[in-house]
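Colleague: I have a few questions about this model. Could you take me through them?

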Amino acid sequence: MAFAAPETPSRVHRIPQSKYIDAVRWLSPVSALDRFAAVAYYDTDTNSPSIEIICVDPNPQGSSPTLTPQSSWTPPSRISSLKTAHSTHQPILAAATFSGSIHILAPDLINGGTVESEATVSELGFHSGPVSAVDLREGGTECVSVGEDGRVNLVSFVGDSSNLNYRRIFDANGLVGYTAVKWASPSEFATGGYGFGLQWWDQRRPGGPVSQFKGNWCQGKTSGIVHSIDIHPSRKHTCLAGGSSGTVFAWDLRAQQQPIVLSGAGTGEAPISLLSESEVWEVQYDCYTRSSNIGNITSTRILPIMICSEDGILAVIEQGEEPLELLAEPCAINSFDIDQQNPSDVICSLEWESIAILTRS
């Protein structure tokens, strides 16, 4: 499909690594001079996973930023999901594993990035199999986890993060699997799964999801999977999702069963542009890109979003506009993160064992 060209080219630096990269996340800065990121690595030669805290030096005098490892932590198995909370006095990471455990990490960025405290939920019955996704609530006191086993768990930690407890929100007993999750408010969150289905949960109304969006709109592509969800803090009634077959869509809770399709499988009413032909691994609202139709932004219009895909595309999508291509790699872009403090900067993990740092002008 046709892509719009950015008015000013972005600066892109690809930094080779010695291990496979499963996920990357910016960390909230503790000073104006230092920038840190968390990277989930997997060494395919030794089958050993790790999470490393790296210092990112923009290196304005040099040709490429430098990444300096600060500390490393070894999980019991490969990382399946990595999230961070930004509105905390100290960065907090939630790491989920393929062995079914969750780990809360608190890197001490003032003292060399060492992992100051670490707490784990790994007991039998927490999840049966891998944890598909985890998300930290802003403020860093709770995280929610989901799995293909149909379990939805809430992990709480108040004060000392080494003191964790969890409770089961829901158990579908394997009849339904969940693959993505995102907080919407202190009491509400959204999940996604197979068949492009989405669910809305409210802890004030226990027993199951309070609203569901069924994926029977996608022209028979009910085998599609939701890989990523995002919810804008000012648009909590709209759930953004990305998944199989290049599909990106939004679910407005005020129009329960009518999706807003941005790319991929359409409703049959009109052809929908195909941004990517493969899996869309991650979606995030892009607070850096200004809407081209800023004079007509209503509560029903989808704000600009960024996506990455299995076929190497990093792009910005805006409803009703041509997508803006930022990267076109010869390999998959497995994950990315927009810096909340400097949203012009994006960090990406590439399939071919590299980290890409993109700075938009």
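The questions below go from one residue to its sheet and then to the aromatic rings.

Colleague: Is Asp135 buried or exposed?
Modeller: The model is predicted. Asp135 lies in strand S10, residues 131–136. The cut-off for buried is under 20% relative accessible area. Asp135 has 3%, so the residue counts as buried.

Colleague: Which residue's backbone nitrogen does the side chain of Asp135 reach?
Modeller: Among the residues that Asp135 touches are Lys83, Glu142, Val181 and Lys182. The polar reach is to a backbone nitrogen at 2.8 Å. That nitrogen belongs to Trp183.

Colleague: Which strands are at the edges of the sheet that holds S10?
Modeller: The sheet is open, with four strands in the order S10-S11-S12-S13 and antiparallel pairing. An edge strand pairs on one side only. The edges are S10 and S13.

Colleague: What is the bridge partner of Glu142 in S12?
Modeller: Strand S11 covers residues 142–147, and S12 covers residues 151–156. Five bridges join these antiparallel strands. In S12, Glu142 is bridged to Ser156.

Colleague: What is the geometry of the aromatic pair Trp183 and Phe189?
Modeller: Trp183 is buried at 7% relative accessible area, and Phe189 is buried at 1%. Their centres are 5.5 Å apart, with 75° between the planes. Planes over 60 degrees apart count as edge-to-face, so the pair is edge-to-face.

Colleague: Which residue has its charged end over the ring of Tyr42?
Modeller: Another ring, that of Tyr41, has Lys19 over its face, 4.8 Å from the centre. For Tyr42 the distance from the ring centre is 4.2 Å. The charged end there is that of Arg78.

Terms used:
Residues are numbered from 1 along each chain as its sequence is written. This is a predicted model: local features need pLDDT of at least 70, side-chain atom pairs count only at pLDDT 80 or more; totals for chains, interfaces and linings use all residues. Side-chain values use heavy atoms; hydrogens and water are left out. Helices (H or I, at least four residues) and strands (E, at least two) are DSSP runs, numbered from the N terminus. Buried means under 20% relative accessible area, exposed over 50%, partly exposed in between (1.4 Å probe, protein chains only). A polar contact is a pair of N or O atoms within 3.5 Å; within protein, one must be able to donate a hydrogen and the other to accept it, and residues adjacent in sequence count only if both atoms are side-chain atoms. Contact means heavy atoms within 4.5 Å. Two strands pair if DSSP finds at least two bridges between them. Rings of Phe, Tyr and Trp (its six-membered ring) pair if their centres lie within 6.5 Å; planes under 30 degrees apart count as stacked, over 60 as edge-to-face and the rest as tilted. A charge sits over a ring if NZ of Lys or CZ of Arg is within 6 Å of the ring centre and within 35 degrees of the ring normal. Lists of a residue's contacts leave out its neighbours within four places in sequence.
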